[in-house]
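Let's take a tour of this model together. Keep the viewer open and follow along as we go.

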Amino acid sequence: MIAEYKILRKHGWQFIPDVFAVTLPESYQQGRPIITELAVANEILQKAIENCPTGALSGQADALQIDLGACVFCGECQRICGSDKIKFTNDYQIATNAREGLVVRQGQHPPIRLQPDKIRKEIRSYFGGSLKLRQISAAGDNSAEWELNACSNPNFDMGRFGIEFLASPRHCDGIVITGPISQNMAEATQICYDAVPNPKIVVLAGTDAISGGIFAGSPALDRSFLDKYPIDLYVPGNPPHPLAFICGILDLMRSRKK
Ligand code: SF4
């Protein structure tokens, strides 16, 4: 028994005390990008736009923008333009409930946050204390799914906030979709959504779910499900970071403490 206590003491606390105040390493370059006003030759910008695999980077020399809902965080635009022009930071708080809020514009560097007026009233009144979610891998590549699994580990430990993934949609408050939603998964996604009792939320986790990612426009996809229901939270990333997911869900459920 004493040996076990010694191990516990050596390990210390493994959970993250404040998930909103983590400083990820500078080497983590998958967070909110910054596009500066620095003048860059037009041919370089055009090369970056042409090399962007999903069309997430667009605009003109004086009005570049990155759509994080389509960005696969490959870093190609930063490599071509230089990190003085485009820099992906370690700011992991990039979830929002407004699709247009995922567009990062040149010279504008506000943090990405949820828009309180767009949060449906029933979400906080019903789910402010706990939230049970069913995850649907709709043709996902298992990367986003792994990160969502990590949300429940002893480090990120979202269970302490009352947030859990459950197996049965009938016992859940909403669904979390990963993957671009293939034709083969369209019906299963609908069946799972229908099985969740009202009121319910829909979360899109990862670039593939938000825009289709590199598969956008493929005839193998059927994303018509997304046109039928309001989307309560977008969590960009390829894959999304567990902290981006947890902070986004917490912002959806309750106000931040001042
Ligand atoms: S990091 Fe995003 S915006 Fe830049 S090239 Fe890759 S996909 Fe495009």
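## Helix 6 and its two sides

This is a predicted model, and helix 6 is a good place to begin. Within helix 6 (residues 183–195), Met185, Thr189 and Cys192 are buried. Looking down the axis of helix 6, you will find these buried residues within an arc of 70 degrees, so they line one face of the helix. The general rule is that an α-helix has 3.6 residues a turn, so residues three or four places apart point the same way.

Turn to the other side of helix 6 and you meet Glu187, Ile191 and Asp194, which are exposed. What do the buried residues of helix 6 pack against? Their partners are strand 6 (131–137), strand 8 (174–178) and helix 8 (225–228).

## Two domains and a core between them

The domain assignment splits the chain into domain 1 (33–105) and domain 2 (116–253). Their C-alpha centres are 25 Å apart, and 17 residues of domain 1 are in contact with 22 residues of domain 2. On the side of domain 1 that touches domain 2, there are eleven nonpolar, five polar and one charged residues.

The largest nonpolar core has 65 residues, and those touching the most other members are Ile177, Ala205, Val235, Phe245, Ile246 and Ile249. Helix 9 (residues 242–253) is the biggest contributor to this core, giving nine residues. Domain 1 and domain 2 both supply residues to the core, so it lies between them. To see one member up close, pick Ile177: beyond its neighbours within four places in sequence, Ile177 is in contact with Ile136, Ala138, Thr189, Leu204, Ala205 and Ala209.

## Around the ligand

Which residues come nearest to the ligand? Of the 13 around it, they are Cys52, Leu57, Cys71, Cys74 and Cys77. Sorted by class, this shell holds ten nonpolar, two polar and one charged residues.

## Backbone geometry worth a look

Most residues other than glycine have a negative phi, and most peptide bonds are trans. Here are some exceptions in this model. The bond from Asn198 to Pro199 is cis, with omega near -10 degrees, and Pro199 sits in the loop between helix 6 and strand 9 (201–205). Asn238 and Pro239 are also joined by a cis peptide bond, with omega about 5 degrees; Pro239 is in the loop between strand 10 (233–235) and helix 9.

Ala139 has a positive phi near 75 degrees and belongs to the loop between strand 6 and helix 5 (143–150). Ala139 is buried, because 22 other C-beta atoms lie within 10 Å. Ile181, with a positive phi of about 70 degrees, lies in the loop between strand 8 and helix 6. Ile181 counts as buried too, with 26 C-beta neighbours inside 10 Å.

Notes:
Residues numbered from 1 in each chain as written. Predicted model: local features only at pLDDT ≥ 70, side-chain atom pairs only at ≥ 80, totals over all residues. Core = buried A, V, L, I, M, F, W, Y, C linked by C-beta atoms within 7 Å. Buried ≥ 20, exposed ≤ 12 C-beta atoms within 10 Å, placed from the backbone. Helix = DSSP H or I, 4+ residues; strand = E, 2+ residues; numbered from the N terminus. Domains from an automatic or database assignment. Contact = placed C-beta atoms within 7 Å. Near = placed C-beta within 6 Å. Nonpolar A, V, L, I, M, F, W, Y, C, P; charged D, E, K, R; others polar. Arc of directions from axis to C-beta.
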